[in-house]
Amino acid sequence: MGAERTDRGERERAADRAAHERPHPPRVRLDLPLVRRRGWLPEYDPEAFGRTSERIARFLGTGRFIVWMTVVIILWVVWNTTVPGHLRFDNYPFIFLTLMLSLQASYAAPLILLAQNRQDDRDRVNLEQDRKQNERSIADTEYLTREIAALRMGLGEVATRDWIRSEFQDMVKELEQHRVFPEESEERDR
């Protein structure tokens, strides 16, 4: 009985090891997405990251940022030149300030580029939508132009009131000239 337990225990551990060694668990159904394993890199929401980078890039492009940056640099320089040596945090000729400004620039540039890329993507989508709208407008205009031309052609063959009136006047003149009916018969009919 003891041998069976150890045998079964070893089989279970072997099955567990085999399950962990497989790259992906087997799919039970093909219409369900595969469960993703947790990777080594942290996961993040690209949209949230993009929105945050756009807010930072927008702030970096304002006068407020320039004013705050100027104030911080002036305070940094004043503090590290006027206070006693043991209270200074940048003892050398502003090496730490240079490092901080380089660090800020090294993060600002990619964030600004990311914000520009997102704006380019939005512009590309808007331009595509505008192009499609323009194509639809041109097609509608061409259709209406053809319809108006067809109506004009159709109206060219339709008898108008003025044309009918002129034709009747011509017929009356013609009848008066030929005097189809003598005047005597007109008097009798009255």
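**Briefing: helix α3, its cover and a nonpolar patch**

The cover over the buried residues of α3 includes α2 and α4, where cover is judged by contact (heavy atoms within 4.5 Å). This is a predicted model, in which local features need pLDDT of at least 70, side-chain atom pairs count only at pLDDT 80 or more, and totals for chains, interfaces and linings use all residues. Residues are numbered from 1 along each chain as its sequence is written, and side-chain values use heavy atoms, with hydrogens and water left out. Helices (H or I, at least four residues) are DSSP runs, numbered from the N terminus.

**Helix α3**
- The end C-alpha atoms of helix α3 (residues 63–82) are 28 Å apart, in agreement with the 28 Å expected for 20 residues at 1.5 Å a residue; the expected span is 1.5 Å times one less than the number of residues.
- F65, W76 and N80 of α3 are buried, which means under 20% relative accessible area (1.4 Å probe, protein chains only).
- These residues lie on the same side of α3, because they cover an arc of only 15° around the axis, taken from the directions from the helix axis to the C-beta atoms.
- R64, I66, V67, L75 and T82 are exposed (over 50%) on the face turned away from the buried side of α3.

**Helix α2**
- S53 is found in helix α2 (residues 46–60) and is buried, with a relative accessible area of 1%.
- Not counting residues up to four places away in sequence, S53 touches L111, L114 and A115.

Key:
Helices (H or I, at least four residues) and strands (E, at least two) are DSSP runs, numbered from the N terminus.
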